[in-house]
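Colleague: I have the file open and would like to go through it with you. Could we begin with the chains and then move on to the details?

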Protein chains: 2
Amino acid sequence: MAVNGRQGGRPTLEEVAARAGVGRGTVSRVINGSPRVSDRAKAAVSRAIAELGYVPNRAARALAGARTDAVALVIPETEARLFAEPYFLDIIRGVSAELADADKQLLLTLIRSRKERQRFEQYLAAQRVDGVLLVSVHADDPLPDVVRELSIPAVLNGRRSESEPVAYVDSDNVGAGRSAVAHLAERGRRRIATITGPLDMYVARCRLDGYRQGLAAAGLVGDERLVAAADFTEEGGRRAMRDLLERCPDLDAVFAASDVMAAGARVALRETGRRVPDDVALVGVDDSAVARHMDPPLTSVRQPIEEMGRVMARVLLQEIAGTEAEPRQLVLPTELVVRDSA
Amino acid sequence: MAVNGRQGGRPTLEEVAARAGVGRGTVSRVINGSPRVSDRAKAAVSRAIAELGYVPNRAARALAGARTDAVALVIPETEARLFAEPYFLDIIRGVSAELADADKQLLLTLIRSRKERQRFEQYLAAQRVDGVLLVSVHADDPLPDVVRELSIPAVLNGRRSESEPVAYVDSDNVGAGRSAVAHLAERGRRRIATITGPLDMYVARCRLDGYRQGLAAAGLVGDERLVAAADFTEEGGRRAMRDLLERCPDLDAVFAASDVMAAGARVALRETGRRVPDDVALVGVDDSAVARHMDPPLTSVRQPIEEMGRVMARVLLQEIAGTEAEPRQLVLPTELVVRDSA
DNA sequence: CTGGGTAGTGGGAGCGCTCCCAAACTAGCG
DNA sequence: CGCTAGTTTGGGAGCGCTCCCACTACCCAG
């Protein structure tokens with residue numbers, strides 16, 4: 001038994017028009033919310049639509065109009081393993097919520113190889129999406145430029161440099177470093193080290209800047225030996241922590257630029273018999289599940305990840321619509337979540 | 001400067017045909033890999049495609065043919081919070097990899113409200129996807145049946161009951177419980193408790209069954225007081241653990257049906273002064289990040305999550321193609337990962 | 001040499017929409 | 001009461017593809 005309509009075929013716009021006793025154009029206008037329709041016609045069409053259970057065929061729409069009602073969210077897979085993974089899920093959640101409200105499709109694209117990257121670029125060239133959301137782009141990633149050259153609206157999560165030309169939504173990474181250090185200094189820590197992310201990523205450089213600003217604000221002198229670069233992985237955090245302890249056995253606090261690295265640092269601290277927070281205080285970034293489950297639970301700087309997803313989607317939708325009310329480049333605030341590690 | 005073609009317009013199949021000196025039909029045949037094309041024509045068309053940088057317009061394809069080359073992955077949002085979240089990311093990863101190989105789109109749909117659910121059903125009715133992947137369906141979820149009624153190919157992750165009619169890919173949850181208990185018994189534990197998931201979920205009942213089978217296999221007598229139901233959340237695990245300790249202070253091991261619940265149990269154990277594993281051994285399920293970061297690191301039963309994603313996608317693609325070589329209902333093995341908690 | 005294949009091909013007829021132009025109506029004004 | 005200006009409407013012309021039918025070559029058996 002077909003749900004409705006004859007022979008299982010979905011009703012078409014033409015059938016709606018026939019039933020409402022109007023022309024195709026009028027039905028189309030009603031569906032697309034054009035103001036140039038009389039109330040009488042609008043009512044008749046609405047009723048016909050309801051009676052027939054009509055749902056517009058998107059393929060036909062995409063072909064006739066020049067839009068697809070779909071947006072791609074692109075995640076370079078190399079990053080996916082590095083970052084705390086729930087990050088992406090939260091971004092997705094935010095994006096999805098916002099797109100659902102606008103009745104747009106979310107197309108998820110993980111790119112993990114040259115081949116897939118190429119395929120995706122082809123895909124873009126084929127005008128298959130109305131816009132693109134790019135997550136965790138490296139400083140040397142050409143993808144945003146490719147997208148721009150095709151003049152497809154795009155919004156980044158994070159930026160590649162201070163003077164990012166493409167629209168982006170970022171969190172206040174400098175502020176994150178600053179507030180972490182401020183907190184540590186407040187608790188009387190004086191020899192505060194940091195474990196950074198890979199310094200070819202702008203986000204990592206920002207957090208390091210914040211760290212330095214925090215030291216300055218607290219009247220502490222910087223010491224380059226207290227800075228160790230890692231790569232956002234747990235193993236990297238562990239190695240960096242070992243190096244730091246070797247170079248500066250007197251350090252009494254560490255600001256790790258991610259929870260995952262903090263977890264690695266925690267291991268190294270335990271291996272060398274340091275207690276947290278008694279001997280060394282520890283602060284991370286992300287406020288992820290890892291932070292809550294560490295022993296002791298990790299003090300961490302929270303980023304509004306889901307919110308970033310929402311905002312990204314909103315900005316993108318505006319770029320697509322051509323109504324750029326909101327600014328195209330946004331930095332969202334972060335917030336220190338104090339637990340037992342510092 | 002346009003990338004290629006005149007006036008920035010993407011080249012069409014018609015233009016390819018003109019350039020290759022053949023008809024539209026022939027080009028279409030080449031693109032779709034029909035065998036009924038001479039090598040000469042094939043070569044000419046291939047060259048023309050390369051020269052023009054032609055990429056087929058999917059909307060036109062979808063409209064003309066009756067397929068979309070897109071597959072929806074549906075995640076009911078209520079679950080997203082409960083399950084260890086990286087789970088979904090791993091599923092997505094597997095699905096995405098497999099779909100990319102088949103050059104299909106992945107459409108991600110989070111459903112978090114009645115409204116969104118309804119919208120999605122409409123969407124399905126509009127024949128907007130070739131198939132559907134459903135993750136973490138509750139026993140009473142009607143969605144799989146809706147999909148089947150629309151005769152859209154579908155594959156579930158997990159099943160709703162023993163006699164699931166829809167195609168599914170599941171992991172061996174009974175085996176998971178069994179091997180966890182076997183391990184505990186092997187280490188000399190005698191009073192083994194379990195914290196289950198919500199028993200209206202088949203996965204939870206399976207793990208409980210496995211637990212019972214494990215006890216029997218080890219020659220231990222079951223004791224219903226050693227069974228506490230929870231809901232896959234940390235807080236639930238904690239509460240369940242407290243109840244268990246109150247009822248049976250003499251228990252010496254716990255099998256928690258998820259890592260997250262194990263983490264909750266861990267808290268309750270610490271609160272009551274129990275050491276892990278000395279006083280109480282603990283085993284979880286999922287082998288998630290949480291497990292690795294617990295103190296002590298949690299012994300856990302690993303499910304091949306990404307692999308499940310891959311297999312789901314593969315089965316779905318076969319259902320779509322109509323070539324059902326592989327069985328439609330698969331159960332993948334699990335594996336015990338021994339750490340320090342048991 | 002003929003008839004009956006069989007590979008290979010071209011192109012008409014749509015798929016269901018949006019765009020847009022011209023027709024049909026309305027109202028307002030001199 | 002005719003004329004202009006504005007509003008509302010119908011429907012033709014595509015969008016770029018696939019499907020499929022008809023047609024041409026060519027081959028082989030009779």
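Modeller: Certainly. This is a predicted model, in which 46 residues of chain B are in contact with 46 residues of chain A.

Colleague: What area is buried between chain B and chain A?

Modeller: The buried area is about 4,200 Å², and carbon and sulfur atoms give 58% of it.

Colleague: Which residues of chain B lose the most area to chain A?

Modeller: They are Leu89(B), Arg93(B) and His293(B), which together account for 16% of what the chain B side buries.

Colleague: Turning to the largest nonpolar core, how many residues does it have, and which have the most contacts inside it?

Modeller: That core has 56 residues, and Ile92(A) and Ile92(B) have the most contacts inside it. In soluble globular proteins, nonpolar side chains tend to be buried together.

Colleague: What does Ile92(B) touch?

Modeller: If residues up to four places away in sequence are not counted, Ile92(B) touches Ile92(A), Leu108(A) and Leu110(A) in chain A, and Leu73(B), Leu106(B) and Leu108(B) in chain B.

Colleague: Now the DNA. Which residues come nearest to DNA strand C?

Modeller: There are 27 residues around DNA strand C, and those that come nearest are Leu13(A), Tyr54(A), Gly23(B), Arg24(B) and Ser38(B). Of the atoms of DNA strand C that come within 4 Å of the protein, sugar and phosphate account for 62%.

Colleague: Which atoms of Gly23(B) and Ser38(B) are involved at the phosphate oxygens?

Modeller: For Gly23(B), a backbone N or O atom lies 2.6 Å from a phosphate oxygen of DNA strand C. For Ser38(B), an N or O atom in the side chain is 2.7 Å from a phosphate oxygen of that strand. In chain A, a polar side-chain atom of Arg61(A) lies 3.0 Å from a phosphate oxygen of DNA strand C.

Colleague: Which helices supply the surface near the strand?

Modeller: Helix H2 (24–31) and helix H4 (58–64) of chain A, and helix H2 (24–31) and helix H4 (58–64) of chain B, each supply at least two residues. H2(B) gives the largest share, four residues. By class, the surface has eleven nonpolar, ten polar and six charged residues.

Colleague: You mentioned Arg61(A). What else is it in contact with?

Modeller: One of its contacts is Asp69(A), which also contacts Arg58(A), Lys104(A), Gln105(A) and Asp130(A), leaving aside neighbours within four places in sequence. Asp69(A) lies in the loop between H4 and strand E1 (70–76) of chain A.

Colleague: Is Asp69(A) buried or exposed?

Modeller: Asp69(A) counts as buried because its relative accessible area is 10%, under the 20% cut-off. Its side chain makes a polar contact of 3.1 Å with the side chain of Lys104(A).

Colleague: A change of topic: which backbone geometries should I look at?

Modeller: Most residues other than glycine have a negative phi, and most peptide bonds are trans. Ser151(A), not a glycine, has a positive phi of about 45°, and Phe232(A) has a phi near 70°.

Colleague: Where are those two, and are they buried or exposed?

Modeller: Ser151(A) is in the loop between helix H8 (143–149) and strand E4 (154–157) of chain A, and is exposed at 61% relative accessible area. Phe232(A) lies in the loop between strand E7 (227–229) and helix H11 (234–247) of chain A, and is buried at 3% relative accessibility.

Colleague: And which peptide bonds are cis?

Modeller: A cis peptide bond joins Asp295(A) and Pro296(A), with omega about 0°. The bond from Asp295(B) to Pro296(B) is also cis, with omega near 0°. Pro296(B) lies in the loop between helix H13 (289–293) and strand E10 (299–302) of chain B.

Technical notes:
Residues numbered from 1 in each chain as written. Chains lettered and ligands numbered in written order. Predicted model: local features only at pLDDT ≥ 70, side-chain atom pairs only at ≥ 80, totals over all residues. Heavy atoms only, no water. Near = heavy atom within 4 Å. Polar contact = N/O pair within 3.5 Å; in protein donor to acceptor, adjacent residues only side chain to side chain. Nonpolar A, V, L, I, M, F, W, Y, C, P; charged D, E, K, R; others polar. Core = buried A, V, L, I, M, F, W, Y, C linked by side-chain atoms within 4.5 Å. Buried < 20%, exposed > 50% of the residue type's maximum accessible area, 1.4 Å probe, protein only. Contact = heavy atoms within 4.5 Å. Buried area = accessible area lost by both parts, 1.4 Å probe.
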